[in-house]
Structure formats: structure tokens, C-alpha cells
Amino acid sequence: MLYVWMTAAEQNKHNYMNTFNNKRPVGRPRSRWKGEIQKECMEMGITNWEELAKDRTEWKRFVKLT
């Protein structure tokens, strides 16, 4: 095996070039947990779901109802 030593400047250039050579993934973006919760709450007419989630007992009651 051949190991090539790079200087710090060469490593920085190598990292910089490899960062921008990567392609974006194909397809739609992955769905996030927060986005799914927000979508479901909007369907039920709840707009302040983050405030509701801060109150644990209220959030548990809400989750059981759904």
C-alpha cells in the first residue's frame, strides 16, 4: 500500500473540493418528525402544538385522544 502525505494546505484544498463535488440525493427530502407532528396538528386545527407539548400532562391527554 502506498500512503501519500499531504501538507495542511493540500488537506484543506482536498476537503474543500470534495465537499462541493458531492451530488445531492435523488428524490424528495426526507420527512422529519417535527414536520409530521406539525402537519397532523394542523389537520386537527391545533396551531400552538409546541406550547402544548411543553405541558406533559396536557400533551399525553392530546396524544391519547388521537
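1. Let's start with Leu 52. Setting aside neighbours within four places in sequence, Leu 52 is in contact (heavy atoms within 4.5 Å) with Glu 58, Trp 59 and Phe 62.

2. A quick word on what you're looking at: this is a predicted model, where local features need pLDDT of at least 70, side-chain atom pairs count only at pLDDT 80 or more, and totals for chains, interfaces and linings use all residues. Residues are numbered from 1 along each chain as its sequence is written, and side-chain values use heavy atoms, with hydrogens and water left out.

3. Leu 52 also sits in the largest nonpolar core, alongside Ile 37, Cys 41, Ile 46, Trp 49, Trp 59 and Phe 62. Such a core is a set of buried Ala, Val, Leu, Ile, Met, Phe, Trp, Tyr and Cys residues joined through side-chain atoms within 4.5 Å. Two or more core residues come from each of α2, α3 (49-54) and α4 (56-65).

4. Now for the rings. The whole structure has one aromatic pair: Trp 59 with Phe 62, tilted, at 5.4 Å centre to centre and 40° between the planes. (Rings pair if their centres lie within 6.5 Å; under 30 degrees is stacked, over 60 edge-to-face, the rest tilted.) The two are about one helical turn apart, because they're three residues apart in α4.

5. Both rings' residues are buried (under 20% relative accessible area, 1.4 Å probe, protein chains only): Trp 59 comes in at 18% and Phe 62 at 13%.

6. Finally, α2 (residues 33-44) has 12 residues and spans 17 Å from first C-alpha to last, close to the expected 16 Å (1.5 Å times one less than the number of residues). Right after α2, Gly 45 has a positive phi of about 90°.

Technical notes. Helix = DSSP H or I, 4+ residues; strand = E, 2+ residues; numbered from the N terminus. Buried < 20%, exposed > 50% of the residue type's maximum accessible area, 1.4 Å probe, protein only. Phe/Tyr/Trp six-rings, centres within 6.5 Å; stacked < 30°, edge-to-face > 60°.
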